[in-house]
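The following exercises concern strand pairing and burial. Please examine the sequence and the structure before reading each solution.

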Amino acid sequence: NSTVRKVIFNPITGEGPYVGGNFNSVAGDTSFNKIAKWDKSTQSWDKLNPLTARNVYDIAFSPSGDGPYIGGSFRTGGGSVEPQYLAKWDSGSSSWTSINPGGDGFLPLNNSGKIVDTIAFSPTGIAPIGPYIGANTNPFDSIDGIAGPIRFAYFDGTDWATLGNTGDFNNGIDTIAFNPITGEGPYLGGQFTNVAGITGLNYLTKWDSGSSSWTAIGNTGDFTSVVRKISFGPNGDGPYVGGSFTSVNGIFGRSFIKWDQTTSSWTSLDKDGDIIAIGSVYDIQFSNNETLHVSGSFKRLNTKDIYKIAKFTNEYIVYYNGTGPSYDEFEK
C-alpha cells in the first residue's frame, strides 16, 4: 500500500523475493510492516516479524546467502534494546538480531533523521566481508563507541570500523559496490561533494588500499550531480554508474555512464552517446547472461520514448511500450 524501495532474492537458495519499503499492508493484511517475503511453497507473503516503526531502505545478503540484512530508519520490536537502523534475520529464532552481539550502538536511538541508506558485502574470499553501510545526509553520532559524524562504516567480523576518518564524507552515501572479480573497492556514490577534505571529489569515490585513501575514478569534478547506483558486470567490467548527472568529464552521458578499464576513461554505452536524454537512473542490474537492465525516472532513452525501465543487449534495446503485454525492439 506504499513505496517499495528494494526487491531481492537470496543469491544461494533463490528464496524470495524479499521486499522492503514504507508499506504497512500487503495484500490487504495490515499486520505487515516494512518488510515481506514471498513464500513459494505456500504461495503467500510472510511477515518476517514485522518492524515497529519507520522504513526499510535496503536489503542485502552476504555472498554465502546469510541474511537478509536490512537497513533503514526502523526500530525492531520496540524499545532501545532492539536492533535499530541495521538488523539481520535469524532464521533459527525467527527474529531480527544485531550484527554485533554487543548491540551495534547506532546512535542516536529512535531519531527519524538517521537512516542506513545502503548495504553491501565484499565478494567471496575478499576480507573483511562486511556488511558495509552508508548513511544518508544526517550522519550517526557514533557507532559502537566510534565517535562521529559517521556516514560510512563496516563490520570486520568482530567490531565496527571505518576507512579513512569518520568525518570524511560531507553528505549522504546512496550506493556501495565492489568489483566482483578483483574485489577492488569499496566504490561509493551519493550526494557528497567533498571526501577527506578533497574538494571536487564529487559524488563518486573509491577506496585505494595501496595508499589507504579515497581516490577519484577518472578526475575529481568529473560528475556534476548525485550518483544513485554503482554496479559491475558479472565479469568485473565497469563500474557502471547511474544517477542524476548531465555529463561526465565533458562526455554526454546523462544519468548513465561506464568506466572503460582498458582506456581508463568514461564512455557511453551506446555509440551515439545518447543513453538517457531525460530523467535519472536509480538502479542497474545484470541478469545471468550479462544483459544489462536500468530503471529510474527517465522518459527518453537513445532518442526513443522509453519509460522507467529498459534492458540493453549487444544487438537490441528492448523496452516495454506501455500499451500492452508485449515488448518492442529496435536496433541500436
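**Exercise 1: Burial and pairing of one strand**

In this predicted model, 4 of the 5 residues of strand β24 (residues 256-260) are buried, so β24 is largely enclosed by the rest of the structure.

Task: Identify the strands that are joined to β24 by bridges, and give a bridge partner for each pairing.

Solution.
1. Buried denotes under 20% relative accessible area; by this cut-off, 4 of the 5 residues of β24 qualify.
2. Strand β23 (residues 240-243) pairs with β24 over 3 bridges, in the antiparallel sense. Within this pairing, Gly 242 has Phe 256 of β24 as its bridge partner.
3. Strand β25 (residues 265-267) is likewise antiparallel to β24, and 3 bridges join the two. Here Trp 259 is matched with Trp 266 in β25.
4. Between β24 and β25 lies a hairpin connection of 4 residues. In this hairpin, Ser 264 adopts a positive phi near 50°.

**Exercise 2: An open sheet**

Task: Determine the strand order of the open sheet of 3 strands that contains β12, and state which strands are at its edges.

Solution.
1. The order is β9-β12-β13, and the pairing is antiparallel.
2. The edge strands are β9 (106-107) and β13 (146-150), since each is listed as pairing on one side only.
3. For the pairing of β9 with β12 (residues 140-143), 2 bridges are found, and the two strands run antiparallel.
4. A specific contact in this pairing can be named: Leu 107 has Ser 142 of β12 as its bridge partner.

Definitions and conventions:
Residues numbered from 1 in each chain as written. Predicted model: local features only at pLDDT ≥ 70, side-chain atom pairs only at ≥ 80, totals over all residues. Heavy atoms only, no water. Pairing = 2+ DSSP bridges. Buried < 20%, exposed > 50% of the residue type's maximum accessible area, 1.4 Å probe, protein only.
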